[in-house]
Amino acid sequence: MTLDIRQPEFWKLDALDTEAVDGDVEKLPAKDAKEVVDLCYQCKLCYNHCPYTPPHRWQVDFPRLMLRARAAEAKAKGVTLQDRFLGNTALVGRIGSLTAPLSNWATTLPPHRALMQAVIGIHKDRQLPPFHRETFSAWFDRRRPSTFAPRARVAFFATCTVDFNDPATGKAAVAVLERNRVDVSLPAHRCCGMPYLDGGAVKEAKALIRDNVKSLGEAVRQGREIVVPGPTCSYMLKQEYPWLDGSEDAALVASHTRDLFEYLGELQAAGTLDTSFPNPPAKVAYQLPCHLKAQNMGTKSADLLRLTGATVETIERCSAVDGTWGMKKEYFELSMKLAEPLFKDVRAAEATRVATDCPLAALQIKQGTGVEARHPIRILAEAYGLDEEGA
């Protein structure tokens, strides 16, 4: 039985285990240590709250400790089929997009979902993101090039979700950036690698990272900042690439990566952001993703949405999906239970728009409340009166 970490029984068990082993983690039974690893879904927030992280002499980094534990288990026992499937987002995305809308229809069929749960371990009740026949990268390649004199240049790291599942967010990002005279390129890049890390597949993750730092590093040397619309991916590029790759290119990429609204916030601070918004939304309920909190960058998305004239209520509640964890049959029900405070706050906000930078948080909000949550860049594009399809 999986215990709910919010319940008193969980913490009573934790206290009993601690007393039984006299505080020595090496004496903790293997099954108890494994449960700690399995229940960690890499929100990263313990790192921000722990007083013993670097530069403290104890150098405690609990999220990476959990990643190492998963990697050790995968090395000893092999990466499971479940984690290989969930980690290979590019392959899943390509197949899903090539076969859309048939692939989307298939995921609504109970027999098909039961088979997916039995074979690859995705819970039969987990709502899945739809695939789009035309990917964002295909749209970007066919669009007319911009003709304005740019003030700045960026390399757009689209993310797998934007490319295969949510191209509208990518289109809105390009439209907003170009509205502010920012030239946008789309360098070759692969998955950020986090889905593989979730399953301990470090070798596979490093192969993706190696290709990405080479391509993105070249973009930086050409004078472009790297802009990322997904919090998990921007976190990976900033924090994990130097750790996992260790090359000069990895350090270069990390230092020149900005989350999308972090970058727009820099434009606003420099006085170069267009702040004329003819179509402001009335009220926005904005969920602040954990992987943005972990970047210690404040509430840039909410701040910029307020510039449109909208009333913005920030909801600091974890969505409890975090990568592949909330997809799995073992944790789906716990994931939904842990997200109930988020659902409650979204319902109570009674907003005209619900926003989150995290695509999996949006998926969770839709499943738990029935309300569509959009990336804030789409709301900003609407406020500008922009056509997401671009010029």
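The protein chain exposes about 18400 Å² (Shrake-Rupley method, 1.4 Å probe, with only the protein chains shown counting as cover for residues), and carbon and sulfur atoms supply 55% of that area. This is a predicted model, so local features need pLDDT of at least 70 and side-chain atom pairs count only at pLDDT 80 or more, while totals for chains, interfaces and linings use all residues. Residues are numbered from 1 along each chain as its sequence is written, and side-chain values use heavy atoms, leaving out hydrogens and water.

Buried residues (under 20% relative accessible area; exposed means over 50%, partly exposed in between, with a 1.4 Å probe and protein chains only) account for 50% of the 391 residues. The C-alpha trace spans about 70 × 45 × 40 Å along its principal axes. As for secondary structure, the chain holds 22 helices and eight strands (DSSP runs numbered from the N terminus: H or I of at least four residues for helices, E of at least two for strands).

Now to helix 20, residues 340–349, where Leu342, Phe343, Val346 and Ala349 are buried. Seen down the helix axis, these buried residues fall within an arc of 130° (taken from the directions from the axis to the C-beta atoms), so they line one face of helix 20. Turned away from that buried side are the exposed residues Lys344 and Ala348. The buried residues pack against strand 5 (283–287), strand 6 (311–315), helix 19 (332–338), strand 7 (353–356) and helix 21 (359–369), with contact meaning heavy atoms within 4.5 Å. Just after helix 20, glutamate 350 takes a positive phi of about 50°.
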